[in-house]
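Trainee: I would like to go through the reasons behind some labels. Please set each value against its cut-off.

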Amino acid sequence: MSENSGTINFTRGVPANESFPIDDLIDAARAALTANGPAMLQYGPSGGFLPLREWLANWQGVSPDHVLTGNGSLQLIEFLCLHLLEKGDAVFTEAPTYDRTIALLRRHHAEVVGIPLESDGPDIGALERALARHVPKFFYVIPDFQNPAGVTCSGAKRRHIVELARRHGFLLVEDAPYRLLRYRGHEEPTLYELGPDRTVHMSSFTKLIAPGVRTGFMIGETALIKALAKVAEDTYISPGYLAQGITLEWCRRGLLLPQIEHLKSLYAPRLEACLASLDTYMPDAIPTRPEGGFFVSLTLPDGVSTTAVRAQASARGLNLADGLAFFPEGGGERFLRLPFCALSPTEINEGIRRLAESVQAAH
C-alpha cells in the first residue's frame, strides 16, 4: 500500500520508530547487566536507581537528593497529586494542555482551572484574574513546545509566572519532555532555573530514547522529593530498575547528545513539511509555527468544528485527535493538534491535503 492510499494518523505524539537507537541499547543492556545485574534486577529504594539519580543530578546541576525517578513523568505527576491534593483543591493548567494530565487531575477530584494559552505562553492577565479567585495547589505548565499547541513560553512570561508563584505561594509543575528538541531559535531559561524554590521540573527519556524505557525524572526541593518517594514506595515498592540501569549505561557512554542531534536532523524537515503543506493546502488556516518539539496546532475557520472535521477526515483515511479533550473547562471546538514526528514528509503532505478536503467538506 502506498503512502498516499493508507490510513494516516495525526493522533498521538509518538516518536518515529526509525529514531530508536536499538543497537546502542542492546550493547548498553548487556554492559549494564554485566556490571550491575543484581542491583538492577532486585527491589531497591523507591527514589530510583541511585547511579542514574547521581548522573541526572550531575547533568542538571543539583544534588541526588533533589532527584526522583519513576516509570515515566506522568506517573510522577500522579505521585504529586496523591501527596498534595484533596477533593476540591484547585489546580491550574494551560488551556489547552496535555489531555492525560487533565484526566489524572479529574481522577483526584481537583477543580481544574484552565488559563488560556497565547502564542507566547499563558495569558498573564487571565492567570492574575484566576489567582484573585483562588490559589491553586499547583500550576501545571509545559513551557517548551507545548503539548498540544506547540507554543513556547517567552522569557518575560516565565519570569512573571515565577514571581506570581512566589507572591501567592503556589507550586509550579514544569513538564519539559520536548525542551531539548529545538530545531531553530534560542532557548529560554527553565522555570526551575528562575525559581527552584517554587518549581518542580520534570522530563523523561520517552522522546529522547524511546517510550519503552519508561524512565522519567523530577527535580525539586529535598523535602518534597523525599515525601514523593514515600508515595512511590507505597505504590510500587520500587520503579523499573532494569530500564533505569540500561538508560544510565546508554547515557554514561555519551550517547545522549549525538542522539539529540540525530532527532533534530530527523524531525526538523518534518516540521517544515507540515508548515509548508498547511501553507499550500490551507492558506487561510491559523497554525502555530513552533521552533521545535512534536506538535503544530491549528485553529479552524469560523463555523467549522473539530468534531465535523474529524468525521470527514475519518472517511478519507485520516485520523485526528479530539481537540475538545485538551481543554479542561470546555472549548476547543475549532482546535486541532497535528503531531508530525512519526510521519514521513510525504505522509505529512498527503495527510494535510486530506485535512484541507475534510475542512472544506465540513463547511
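Trainee: What makes the contact of Glu 357 and Arg 353 a salt bridge?

Mentor: A salt bridge is a side-chain nitrogen of Lys or Arg within 4 Å of a carboxyl oxygen of Asp or Glu. The side chains of Glu 357 and Arg 353 meet at 2.6 Å or a little over, namely 2.7 Å from N to O, so the pair qualifies.Mentor: Correction to my wording: the N to O distance of Glu 357 and Arg 353 is 2.7 Å, and the 2.6 Å should be struck out. This is a predicted model, in which local features need pLDDT of at least 70 and side-chain atom pairs count only at pLDDT 80 or more, while totals for chains, interfaces and linings use all residues. Residues are numbered from 1 along each chain as its sequence is written, and side-chain values use heavy atoms, with hydrogens and water left out.

Trainee: How far apart are Glu 357 and Arg 353 in helix H12?

Mentor: They are 4 residues apart, which means about one helical turn. Helices (H or I, at least four residues) and strands (E, at least two) are DSSP runs, numbered from the N terminus.

Trainee: Why are Glu 357 and Arg 353 called partly exposed?

Mentor: Buried means under 20% relative accessible area, exposed over 50%, and partly exposed in between (1.4 Å probe, protein chains only). Glu 357 has 35% and Arg 353 has 28%, so both labels follow.

Trainee: What about Arg 354 and Glu 350, what joins them?

Mentor: A salt bridge joins them, with the closest N and O atoms 2.9 Å apart. This pair also sits 4 residues apart in H12. Arg 354, at 4%, is buried, and so is Glu 350, at 7%. Both pairs belong to a network of salt bridges that links Arg 316, Glu 350, Arg 353, Arg 354 and Glu 357.

Trainee: How do you know that the span of H12 is close to the expected one?

Mentor: The expected span is 1.5 Å times one less than the number of residues. H12 (residues 345-362) has 18 residues, giving 26 Å, and reaches 25 Å from its first C-alpha to its last.

Trainee: Which elements do the buried residues of H12 pack against?

Mentor: Among them are strand S1 (8-10), helix H10 (256-281) and helix H11 (306-315). Contact means heavy atoms within 4.5 Å.

Trainee: What makes Arg 289 and Asp 279 a salt bridge?

Mentor: Their N to O distance is 2.6 Å, which meets the cut-off, so the label holds. The pair links distant parts of the chain, with Arg 289 in the loop between strand S10 (286-287) and S11, and Asp 279 in helix H10. Arg 289 is partly exposed at 45%, as is Asp 279 at 41%. The structure holds 24 salt bridges.

Trainee: Why is Cys 274 not in a disulfide?

Mentor: A disulfide is a pair of cysteine sulfur atoms within 2.5 Å. The closest cysteine sulfur to that of Cys 274 is in Cys 341, 9.8 Å away, so it is too far for a bond. The structure holds 0 disulfides.

Trainee: Is Thr 101 buried or exposed?

Mentor: Thr 101, in helix H4 (residues 99-107), has 0% relative accessibility, so it counts as buried. Thr 280, in helix H10, is exposed because its relative accessible area is 56%.
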